[in-house]
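Visitor: I am new to this structure and would like a close look at a single part. Please take one pair of helices and go through it slowly, and tell me how far the model can be read.

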Amino acid sequence: MAAASDSILNFGISRSSSTSTTRSPSYSYSHRRRSSRPCSVRMQVSADAKTNNTFSLKNSEEAFSAAKDLMPGGVNSPVRAFKSVGGHPIVIDSVKGSRMRDIDDNEYIDYVGSWGPAIIGHAHDKVLAALAETMKKGTSFGAPCLLENTLAEMVISAVPSIEMVRFVNSGTEACMGALRLARAYTGKQKIIKFEGCYHGHADALLVKAGSGVATLGLPDSPGVPKAATSDTLTAPFNDFSAIEKLFETHKEQIAAVILEPVVGNSGFVVPKSDFLNAIRRITKENNTLLIFDEVMTGFRLSYGGAQEYFGIVPDLTTLGKIIGGGLPVGAYGGRRDIMEMVAPAGPMYQAGTLSGNPLAMAAGIQTLKLIKEPGTYEYLDKITGELVKGILEAGKRAGHSMCGGHINGMFGFFFTEGPVYNFADAKKSDEAKFARFYWGMLEEGVYFAPSPFEAGFTSLAHTFDDIKMTIAAAERVLLQL
């Protein structure tokens with residue numbers, strides 16, 4: 001697949017599909033249609049809104065207030081707390097297809113998709129059936145099961161860089177394992193990561209991270225010892241000259257370069273045309289391993305991930321999200337000679353009680369079967385392209401500076417003229433305006449990520465009606481900002 005054009009992020013246009021498809025979801029979902037009334041755009045829920053029969057968040061507010069006494073910040077992952085957009089989070093009761101419903105009975109078109117896993121839509125009937133059948137045999141064995149073999153074969157056949165794979169329980173765990181493996185294999189200690197790229201909350205990786213760290217404005221996390229990050233080097237994404245300088249300064253010391261091939265934790269940021277090729281070239285020249293963190297992009301940009309889409313094969317790859325079909329999962333894999341260093345085949349130790357548990361394996365198998373069907377990525381490209389194009393055009397008509405883009409089922413936009421090539425560019429986005437836009441869209445029945453520093457996701461369950469409704473809602477909201 002050809003490299004992404006630098007124009008993707010400016011105009012919301014990715015490669016055009018050569019195949020016209022009318023693919024529709026394989027299940028139906030009955031829902032009430034939201035009204036097309038004008039919305040009141042605000043930073044937080046007003047007293048009037050709480051008593052409005054059409055849109056109330058009273059139950060969510062009460063639930064969140066109680067949660068703050070039970071859990072730090074009232075949530076189990078920081079970005080869910082709505083710190084970046086103000087107000088309190090909505091508390092979800094159920095999901096199905098492209099829709100989610102909160103405990104106040106408000107329904108939303110969902111563009112978060114559980115932060116990426118829901119590529120076939122929420123609670124797909126075939127996934128639920130596979131889980132029900134698997135649960136009859138038990139939920140966790142703590143021992144090998146055949147489902148592990150099946151999913152491993154599917155991952156290996158799909159992802160160009162993976163010859164062997166180790167399943168774990170999260171993307172964080174996958175990245176931890178991959179970095180330890182890189183150091184063990186190369187005998188070197190230093191790693192390079194990119195500013196604004198988030199690879200989980202391991203100590204060595206919480207340096208200039210994106211995602212929730214960016215949302216909360218935390219440059220680094222307290223509690224991380226200096227020694228844990230002393231071998232972590234950072235550079236701006238898309239700045240190859242900075243990488244050259246690091247290799248020159250730290251000759252024969254760099255074990256690995258880890259990156260999101262398309263950044264999703266600083267918003268949606270694509271690589272410049274030759275950036276990934278240049279990184280691949282310099283890592284080979286210096287006997288350094290290249291690690292693609294495809295927790296987000298794996299099986300989303302294409303069936304073989306970003307590495308298949310861009311035609312760049314790393315040494316190691318981390319996965320998560322989609323391969324678990326909505327259940328907790330992670331994986332790291334790569335060349336056989338590297339992976340054979342992992343215990344018990346080799347000396348690099350890593351283990352996990354619930355790794356490869358049968359429920360996650362069953363859900364992942366069914367999900368990968370469904371997205372392998374013909375027309376999947378053409379459909380995602382078409383609906384996501386229309387979505388981003390429609391929002392950006394609505395923003396332009398309303399007089400806002402905006403830029404954005406998409407690749408198949410992953411997208412993003414910023415309230416800045418752009419272009420956005422790295423985290424520093426992303427931070428130029430008008431966060432206050434995004435917050436007002438966010439709450440306006442929420443009232444209109446559209447759920448985006450509650451942070452300007454997170455990518456969005458579409459699914460096979462999203463319909464063209466969903467896209468048209470979202471664009472129409474954006475038009476109304478943007479005119480009032």
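Guide: This is a predicted model, and a word on confidence comes before the helices. Over residues 1-52 the pLDDT stays under 50, although the model has 144 contacts beyond four places in sequence for that stretch. Residues 211-219 likewise stay under 50, with 18 such contacts. Where pLDDT is low, the predicted coordinates should not be read in detail. For the chain, the average pLDDT is 88, and 86% of the residues score at least 70.

Now the pair. Helix α16 covers residues 431-443 and helix α17 covers residues 464-480. Two packed helices are described by the angle between their axes and the distance between the axes. The axes of α16 and α17 come within 9 Å and cross at roughly 130°. That angle lies between 115 and 145 degrees, so the two helices count as oblique to each other. The crossing of α16 and α17 is right-handed.

The residues that meet can be named from each side. From α16 come Phe 437, Gly 440 and Met 441. From α17 come Thr 470, Ala 473, Ala 474, Val 477 and Leu 478. By class, this contact has six nonpolar residues and two polar ones, with no charged residues. Gly 440 of α16 and Thr 470 of α17 are the polar ones.

For another helix to look at, take α14, residues 376-397. Its 22 residues reach 32 Å from the first C-alpha to the last, close to the 32 Å expected at 1.5 Å a residue. After α14 comes Gly 399, with a positive phi near 90°.

Terms used:
Residues are numbered from 1 along each chain as its sequence is written. This is a predicted model: local features need pLDDT of at least 70, side-chain atom pairs count only at pLDDT 80 or more; totals for chains, interfaces and linings use all residues. Side-chain values use heavy atoms; hydrogens and water are left out. pLDDT is the predictor's confidence in each residue, from 0 to 100. Contact means heavy atoms within 4.5 Å. Axes are lines fitted to C-alpha atoms, for helices over the stretch in contact, and angles run from 0 to 180 degrees between N-to-C directions. Helices (H or I, at least four residues) and strands (E, at least two) are DSSP runs, numbered from the N terminus. Angles under 35 degrees count as roughly parallel, over 145 as roughly antiparallel, 65 to 115 as roughly perpendicular and the rest as oblique. A crossing is left-handed if the near helix is turned anticlockwise from the far one by less than a right angle, and right-handed if clockwise. The expected span of a helix is 1.5 Å times one less than its number of residues.
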